[in-house]
Amino acid sequence: MLTASAAPDGTLWALTDDALFARKGDAWEQAPLPDGVKARDVAVGSDGAVWVAAGGAILKHGGASEAAGAAPGTIQLQKGPPPTPKENRTLPRPGGPKCPQNLVVLYTFSKTAPDDYDFPLTRKALKGRTEFSPARFVVTRDMGQRFFAAFVPTWDLAKKLEERIKTDVQGSAPQIVCAKPEVVRELKLDLKTGEVAK
């Protein structure tokens, strides 16, 4: 089984075959775990800390309270329990042709971005691209973090949208996940003009 969780900085942490991987941009890198430890679950907190259930212990990497002296890039044993989740939830996993609901995560909100931000660079990239009209553009919330994303009805359209944003929005790193997160608001885009429909 594969589980994944997105960090506030856009890194996607994924768990497959008992190993932990991190994806920044287009590259996947295996995250080192202590010898003999098999990872069972992964979640990312709002402070960017990566929590891994492994070998009967809770391991932690990064976050605001990083243990002093920990080598960068290593997963450390965390003393004490991780934050208690507010609700039982299913972590998103990477999208694919068999996913019942592919979600293209287009933008991760910074802590200072206003709630009504309207994503001018994304709208400019989509102006005149009416082939994306089946997509539903939304602001979602997951583990305290806000995202601008699009529910897309087909895998092919999700891949096209991911490539369009990656190509036309400098510095962007869109990700396709299989998830149904909480929707905070819907952004009705007029793809002919690139404006937000009133």
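Let us begin at Lys-160, a residue that counts as exposed because its relative accessibility is 52%, where the cut-off for exposed is over 50%. The model you are looking at is a predicted one. To find Lys-160, look for helix H2, which runs through residues 155–168. Lys-160 also has a partner worth locating: Phe-132 sits 28 residues away in sequence, with 8.7 Å between the two C-alpha atoms.

Now stay with helix H2 for a moment. How far apart are its end C-alpha atoms? The 14 residues of H2 should span 20 Å at 1.5 Å a residue, and the end C-alpha atoms are indeed 20 Å apart, so expectation and model agree. The buried residues of this helix are Leu-157, Ala-158, Leu-161, Glu-162 and Ile-165. They are on the same side of H2, because the arc they cover around the axis is only 140 degrees. Turn to the other side of H2 and you meet Lys-160 again, exposed along with Asp-156 and Thr-167.

What do the buried residues of H2 pack against? Their packing partners are E10, H1, E11, E12 and strand E13, the last of these covering residues 175–178.

This brings us to the largest nonpolar core, a set of 23 residues. Leu-106, Leu-126, Phe-137, Val-152 and Leu-161 have the most contacts inside this core. At least two core residues come from each of E10, H1, strand E11 (136–142), strand E12 (145–152) and H2. Which element gives the most? The answer is H2, with 4 residues.

Leu-126 makes a good vantage point within this core. Setting aside neighbours within four places in sequence, Leu-126 is in contact with Phe-132, Phe-137, Leu-161, Arg-164, Ile-165, Leu-189 and Leu-191. You have met Phe-132 already, as the residue whose C-alpha atom is 8.7 Å from that of Lys-160. Apart from this core lies another one, of 14 residues, including Leu-20, Ala-31, Leu-33 and Val-50.

To explore that other part of the chain, go to Ala-19 in strand E3, which spans residues 19–24. Is Ala-19 buried or exposed? With 13% relative accessibility, Ala-19 counts as buried. Beyond its neighbours within four places in sequence, Ala-19 is in contact with Ala-14 and Gln-30. The C-alpha atom of Ala-19 is 8.1 Å from that of Leu-33, a residue 14 places away along the chain.

Next, travel to Phe-119, in the loop between strand E10 (102–108) and helix H1 (120–126). Although it belongs to a loop, Phe-119 counts as buried because its relative accessibility is 2%. Its backbone also deserves a look: the phi angle of Phe-119 is near 55 degrees, a positive value in a residue other than glycine.

From there, move on to Thr-140 in strand E11. Thr-140 has a relative accessibility of 2%, so it counts as buried. Apart from neighbours within four places in sequence, the residues in contact with Thr-140 are Gln-145, Arg-146, Phe-147, Pro-181, Glu-182, Val-183 and Val-184.

A covalent link comes next. How many disulfides are there? The count is 1 disulfide, and the residues it joins are Cys-99 and Cys-178, with an S to S distance of 2.0 Å. The torsion about this S-S bond is about 95 degrees, so the disulfide is right-handed. Cys-99 belongs to the loop between strand E9 (93–94) and E10, while Cys-178 belongs to strand E13, so the pair ties together parts that are 79 residues apart in sequence. Both Cys-99 and Cys-178 are buried.

Finally, step back and take in the whole chain. It contains 2 helices and 16 strands. The chain has 198 residues, and 40% of them count as buried. What share of its contacts join residues at least 24 apart? Among contacts between residues at least 6 apart in sequence, the share is 58%. As for the surface, the protein chain exposes about 11300 Å², with carbon and sulfur atoms supplying 52% of that area.

Notes. Residues are numbered from 1 along each chain as its sequence is written. This is a predicted model: local features need pLDDT of at least 70, side-chain atom pairs count only at pLDDT 80 or more; totals for chains, interfaces and linings use all residues. Side-chain values use heavy atoms; hydrogens and water are left out. Buried means under 20% relative accessible area, exposed over 50%, partly exposed in between (1.4 Å probe, protein chains only). A nonpolar core is a set of buried Ala, Val, Leu, Ile, Met, Phe, Trp, Tyr and Cys residues joined through side-chain atoms within 4.5 Å. Contact means heavy atoms within 4.5 Å. The expected span of a helix is 1.5 Å times one less than its number of residues. The arc is that of the directions from the helix axis to the C-beta atoms. A disulfide is a pair of cysteine sulfur atoms within 2.5 Å. Accessible areas come from the Shrake-Rupley method with a 1.4 Å probe; for residues, only the protein chains shown count as cover.
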